[in-house]
Amino acid sequence: MRLIDTHTHLDFDPFDADRGEVLTRCREAGVERLLVLGVHQANWARVWQLATDEPAVYAALGLHPVFLQDHQAEHIDELRDWLVRLRGQDKLCAIGEIGLDYYIEAPDKARQQRLLEAQLELADEFELPVLLHVRRAHAQMIATLKERKLKRAGIAHAFSGSWEEAREYIKLGYKLGLGGAGTWPQAHRMHRVLQQLPLDSIVLETDAPDIAPHSHAGQRNSPEFLPDICRELAELRGISPEELADASYRNSCELFGWR
């Protein structure tokens, strides 16, 4: 199988001790490319350095809603400066991780919305896809995306919403990122949605080091587990792992403009 992990945080501290070994095991497992996402201004340089140093690693830069307390008004200007400086670089392929998170305690919805819209404006200006974090906020996110029709769409990461919500993202041209959460036996709604999703709407991800698949319960999640996620989701879907891997690979390349 040839695989692309469309969402991972390989720059995070849990990988400091064995990042190189993880990348070696990814290559051996058929994970050819990994997209590492920035989440706040302080980790953009680390994400970009990792993408520069490692042939398989690609970068996205953004301001994540969960880290709202770390973001300053000037960070949007700094993000724009990064995008200007890196314009045309093959290793920069998206803006993310950005979005809305109404699951956290006492979310500042208005500030999250302003931050999201500012980054969507940058995505349009630089004609980059967006990698969206959405928790308990699909209705607001879909309404925002309908109002701001971007030149390029993106991915609704770690999708666990309803079929109706999935259908709205697909209509807008977005792919749905599926990972370890859907492999758990109790994820009944996700299993039902998986049965209905067109293959050309699916991309695979790990979100490592978070959201380990059922087959690696209790472990640090890792991009090297992507083949196991693919196998488990394919079984739930009733297709071969190779068919799901091929669809995800093709969809990812199409989205990011990769050959």
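D207 is found in the loop between β8 and α8. In this predicted model, the residue is buried, because its relative accessible area of 8% falls below the 20% limit used for that class. Leaving aside neighbours within four places in sequence, D207 is in contact with H7, T8, H9, H157 and N221. With one of these residues, H9, there is also a polar contact: the side chains of D207 and H9 are joined at 3.5 Å.

The loop that holds D207 also contains P209, and the loop runs between β8 (202-204) and α8 (226-237). The peptide bond that joins A208 to P209 is cis, with omega about 15°.

D207 belongs to a group of annotated positions. In the unreviewed UniProt entry, the annotation "binding site" covers H7, H9, E97 and D207. These positions are spread over 201 residues of sequence, yet they cluster in space, the largest C-alpha distance being 11.0 Å.

E97, another member of the annotated group, is placed in strand β4, which comprises residues 92-101. Its relative accessibility is 2%, and E97 therefore counts as buried. Beyond neighbours within four places in sequence, the contacts of E97 include two further annotated residues, H7 and H9. Also in contact with E97 are L37, G38 and V39, together with G62, L63 and H64. The list is completed by L131, H133 and H157. The side chain of E97 makes a polar contact of 3.0 Å with the side chain of H7. H157 thus appears among the contacts of E97 and among those of D207.

The backbone at E97 also deserves attention. The peptide bond from G96 to E97 is cis, with omega near 20°.

Two further backbone features concern the sign of phi. A106 is a residue other than glycine, and its phi is positive, near 50°. A106 is placed in the loop between β4 and α4 (109-126). With a relative accessibility of 68%, A106 counts as exposed, because the threshold for that class is 50%.

R136 likewise is not a glycine and has a positive phi, of about 55°. The place of R136 is in the loop between β5 (130-135) and α5 (138-147). R136 is exposed, its relative accessible area being 64%. The two residues with positive phi, A106 and R136, are thus exposed, whereas the annotated residues E97 and D207 are buried.

Notes
Residues are numbered from 1 along each chain as its sequence is written. This is a predicted model: local features need pLDDT of at least 70, side-chain atom pairs count only at pLDDT 80 or more; totals for chains, interfaces and linings use all residues. Side-chain values use heavy atoms; hydrogens and water are left out. Helices (H or I, at least four residues) and strands (E, at least two) are DSSP runs, numbered from the N terminus. Buried means under 20% relative accessible area, exposed over 50%, partly exposed in between (1.4 Å probe, protein chains only). UniProt positions are given in the numbering used here, feature names are shortened, and annotations may be inferred rather than shown by experiment. Contact means heavy atoms within 4.5 Å. A polar contact is a pair of N or O atoms within 3.5 Å; within protein, one must be able to donate a hydrogen and the other to accept it, and residues adjacent in sequence count only if both atoms are side-chain atoms.
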